[in-house]
Amino acid sequence: MAAQARANESTSPIDLDTGIVEAAEAALGAIGAARKEIGQVIFGQQKVVDLSLVTLLSGGHGLLVGVPGLAKTKLVEAMGTVLGLAARRVQFTPDLMPSDILGSEVLDESSDGKRHFRFIKGPVFAQLLMADEINRASPRTQSALLQAMQEHHVTVAGERYDLPAPFHVLATQNPIEQEGTYPLPEAQLDRFLLEIDVGYPDREAERRILLETTGAAEYKPAAAMTAETLMSIQRLVRRLPVGEAIVDAILDLVRSARPGEGEASVTDKLSWGPGPRASQSLTLAVRARALVEGRLAPSVDDVAALAIPVLKHRVALTFAARADGETVEGLIGKLVERLG
């Protein structure tokens, strides 16, 4: 594509600052090692692994959607180990309270009889938080994560407590079981950089699962980078150049998914569309995907590949469109086809 060629020309490694090139080459080695190590325990889910890495390399949060038994929890555990992050897990249930996530104050009495409140930090004070089955908790508890995900600090009893750096949330959600669940509000969905669909593995991958996970020994992943290395790559992602053609493709895609702005044949089927945070997410994610793919500059292909994960949870169909059998993925696919 001509637009892609222009983007690759304008952001070729030759035009990059020497310091950025050196940092990028080091990052490519660390990312490659991390992918290989995660691949030793997660089989047949390379796309899911790559999208999860894109999420963390972009400095964002991810929502993993899939039926039980597809190694979502195992993936998050492996990523915490391989990326050198302090990881914690919270199993969301209907009776979970905000204090169970954020922490709470307790009244202590010192040896001299004086009393004072002491804050006990909750599991949110981690570098990688797994929110397992996040839609099982009440909206009040779900909203406890909103401030943490957006501002990287929490407020308890009027006091501000900063979260560790880096801070990421990888949440899981079961798409088929709706009894006893609370749909995530749009404001919280928008805080997730990507929505990652986790599908079934193919036959050969499932054969490998059977052979390698039911024996006496199980492979334990090793750290491929540290938290400091991850943060340096996140800073690098923000420094990587993005060609004008890529910026225009992102704007064309996101704005065409808004009611009243794109073609009526598509937007008339949408009740609401993505805001500027979608454009920001896509701009960061295409850079990170380029690094994961071993490149120093994003292309239009990266925009197309990330369109559904970035936009799927940020748009909603009208009732009439759903009744006609339309899907969000199908409409986004039509918008992607027009990028060429």
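# Group meeting talk: a walk through one predicted model

Let me begin with alanine 222, which lies in the loop between helix 9, residues 203-213, and helix 10, residues 227-239. Before I go further, please keep in mind that this is a predicted model. Is alanine 222 buried, exposed or something in between? Its relative accessible area is 39%, and because partly exposed covers the range between under 20% and over 50%, alanine 222 counts as partly exposed. If we leave aside the neighbours within four places in sequence, the residues in contact with alanine 222 are Glu37 and Val82. There is also a pairing that you would not guess from the sequence: alanine 222 and isoleucine 38 are separated by 184 residues along the chain, while their C-alpha atoms are 8.8 Å apart in space.

Isoleucine 38 takes us to helix 2, since Ile38 is one of the residues with which helix 2 meets helix 3. Helix 2 spans residues 18-38 and helix 3 spans residues 46-57, and the two pack at an angle of about 140°, with 11 Å between their axes. That angle makes helix 2 oblique to helix 3, and their crossing is right-handed. On the side of helix 2, the residues that take part are Ile31, Arg35 and Ile38, and they meet Gln46, Val49, Asp50, Leu53 and Leu57 in helix 3. Sorted by class, this contact holds five nonpolar residues, one polar residue and two charged residues.

Now let me turn to another helix pair, formed by helix 11, residues 244-256, and helix 14, residues 300-311. These pack at an angle of about 30°, and their axes lie 10 Å apart. Why do we call helix 11 roughly parallel to helix 14? We do so because angles under 35 degrees count as roughly parallel, and the angle here is about 30°. Helix 11 passes helix 14 in a right-handed crossing. From helix 11 come Ile246, Ile250, Leu253 and Val254, and from helix 14 come Val300, Val303, Ala307 and Leu311. What classes do these residues fall into? The contact of helix 11 with helix 14 is made of eight nonpolar residues, with no polar and no charged ones.

One of those residues deserves a further remark, namely valine 300, which is found in helix 14. Valine 300 has a relative accessible area of 5%, and is therefore buried. If you look for histidine 61 as well, you will find that valine 300 is 239 residues from histidine 61 in sequence and 23 Å from it in space, again from C-alpha to C-alpha.

A second buried residue to look at is threonine 141 in helix 6, for which the relative accessible area is 0%. Which residues surround threonine 141 once its neighbours within four places in sequence are set aside? Threonine 141 is in contact with Phe92, Leu96, Met97, Pro98 and Ile101.

Next, I would like to show you some places where the backbone departs from the usual pattern. Most residues other than glycine have a negative phi, and most peptide bonds are trans. Glutamate 133, however, has a positive phi, near 55°, and glutamate 133 sits in the loop between strand 5, residues 128-132, and helix 6, residues 139-142. Histidine 152 is not a glycine either, and yet its phi is positive, at about 60°. You will find histidine 152 in the loop between helix 7, residues 144-151, and strand 6, residues 153-156, where histidine 152 is partly exposed, with a relative accessible area of 33%. As for the peptide bonds, the one that joins alanine 165 and proline 166 is cis, with an omega of about -5°. Proline 166 belongs to the loop between strand 7, 159-162, and strand 8, 168-173.

Finally, let us step back and take in the whole chain. The protein has 16 helices and eleven strands, and its C-alpha atoms fill a box of roughly 75 × 50 × 45 Å along the principal axes. For 340 residues, a compact globule would have a radius of gyration near 20 Å, and the protein's 21 Å agrees with that. Buried residues make up 49% of the 340. Among the contacts with a separation of 6 or more, 76% are between residues 24 or more positions apart.

Conventions. Residues numbered from 1 in each chain as written. Predicted model: local features only at pLDDT ≥ 70, side-chain atom pairs only at ≥ 80, totals over all residues. Heavy atoms only, no water. Axes fitted to C-alpha atoms, helices over the stretch in contact; angles between N-to-C directions. Helix = DSSP H or I, 4+ residues; strand = E, 2+ residues; numbered from the N terminus. Left-handed = near helix turned anticlockwise from the far one by under 90°. Contact = heavy atoms within 4.5 Å. Nonpolar A, V, L, I, M, F, W, Y, C, P; charged D, E, K, R; others polar. Rg over C-alpha atoms; globule rule 2.2 N^0.38 Å. Buried < 20%, exposed > 50% of the residue type's maximum accessible area, 1.4 Å probe, protein only. Parallel < 35°, antiparallel > 145°, perpendicular 65-115°, else oblique.
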